[in-house]
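Visitor: I am new to this structure and would like a close look at one part of it. Please begin with a single residue and its contacts, and then lead me outward from there.

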Amino acid sequence: MSRPRKEKQMPNFIDLTGQRFGSVVVLERAENSKRNEVMWRCRCDCGKEFITRARSLRSGETASCGCLRKEHAIAAMKKANTRHGASPHRGYTKLYNTWLRMKGRCNTPTATSYQYYGGRGIRVCQEWESDFAAFRDWALSHGYKEGLSIDRIDVNGNYCPENCRWITMAEQQRNKRPPSEWNFRKRKQ
């Protein structure tokens, strides 16, 4: 004798038809998911129709078809990439990267070249440390252009307007601390 077959039960649900969740209006009930979750056909304010789970609507996880997430991501990228006011598109400008690297080698003990800068007591002046615009304005009024790098006139001095200039990489290679200031590691014999 065979046992009677159990029919799948429909889960209990709250009728969400006509309700608004963020930018979404629920149009009608859709077919349950493969996991037997209650699903709803919705229309976003942007006009796109889509199907989503009831619990995603009620929890606030679904507040749009995805268009709001995309808008927020674009706005966040623009804000992150232009907070210094010099990069209208994606990514940072070379000048902004110069400023970040200068601060990093002076302030971040885990930076590769920290021992040669911050480890020796070299600092970035307060004016530049906290304000990229001040650094940018100084750089542009003191000959900065693509292909040049920042150089400290006194190799033992800080990064500040009185001690910095813009030079080519060839000049940078010739402008190093004297060998008497190098820290040689003695070999154990």
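Guide: Let us start with Glu37, which touches Asn32, Arg53 and Arg55, when residues up to four places away in sequence are not counted; a contact here means heavy atoms within 4.5 Å. Before going further, please note that this is a predicted model, in which local features need pLDDT of at least 70 and side-chain atom pairs count only at pLDDT 80 or more, while totals for chains, interfaces and linings use all residues. Residues are numbered from 1 along each chain as its sequence is written, and side-chain values use heavy atoms, with hydrogens and water left out.

Glu37 is buried, with a relative accessible area of 18%, where buried means under 20% relative accessible area, exposed over 50% and partly exposed in between, with a 1.4 Å probe and protein chains only. The place of Glu37 is the loop between S2 and S3; strands (E, at least two residues) and helices (H or I, at least four) are DSSP runs, numbered from the N terminus.

The two strands beside this loop, S2 (residues 24-30) and S3 (residues 39-44), pair in the antiparallel sense over six bridges, and pairing requires that DSSP finds at least two bridges between two strands. Within this pairing, Val25 stands opposite Arg43 in S3. In general, strands of a sheet pair through backbone hydrogen bonds, either parallel or antiparallel. Here four strands form an open sheet in the order S1-S2-S3-S4, with antiparallel pairing, and its edge strands are S1 (20-21) and S4 (49-53), each of which pairs on one side only.

Moving outward, the protein as a whole comes to six helices and six strands, and from the N terminus on its elements run β-β-β-β-α-α-α-α-α-β-β-α. Two further strands, S5 and S6 (residues 164-167), pair in the antiparallel sense over four bridges, and the bridge partner of Ser149 in S6 is Ile167. From S5 (residues 149-152), Ser149 and Asp151 point one way and Ile150 and Arg152 the other way, and all of these are buried.

Arg152 also leads to the aromatic residues, as its charged end sits over the ring of Tyr159, 5.1 Å from the ring's centre; such a placement requires NZ of Lys or CZ of Arg within 6 Å of the ring centre and within 35 degrees of the ring normal. The structure holds eleven aromatic pairs, in which rings of Phe, Tyr and Trp (its six-membered ring) have centres within 6.5 Å, and planes under 30 degrees apart count as stacked, over 60 as edge-to-face and the rest as tilted. One of these pairs, Tyr117 with Tyr159, is stacked, at 6.4 Å centre to centre and 25° between the planes. Tyr117 lies in the loop between H3 (94-107) and H4 (126-129) and Tyr159 in the loop between S5 and S6, so the pair ties together parts that are 42 residues apart in sequence. Both Tyr117 and Tyr159 are buried.

A tilted pair is formed by Phe132 and Phe135, with 6.4 Å centre to centre and 45° between the planes. These two residues are three residues apart in helix H5 (residues 132-141), and are therefore separated by about one helical turn; Phe132 and Phe135 are both buried. They belong to one aromatic cluster with Tyr96, Trp99, Trp128, Trp138, Tyr144 and Trp166. Over the face of Trp99 lies Lys103, at 3.9 Å from the ring centre.
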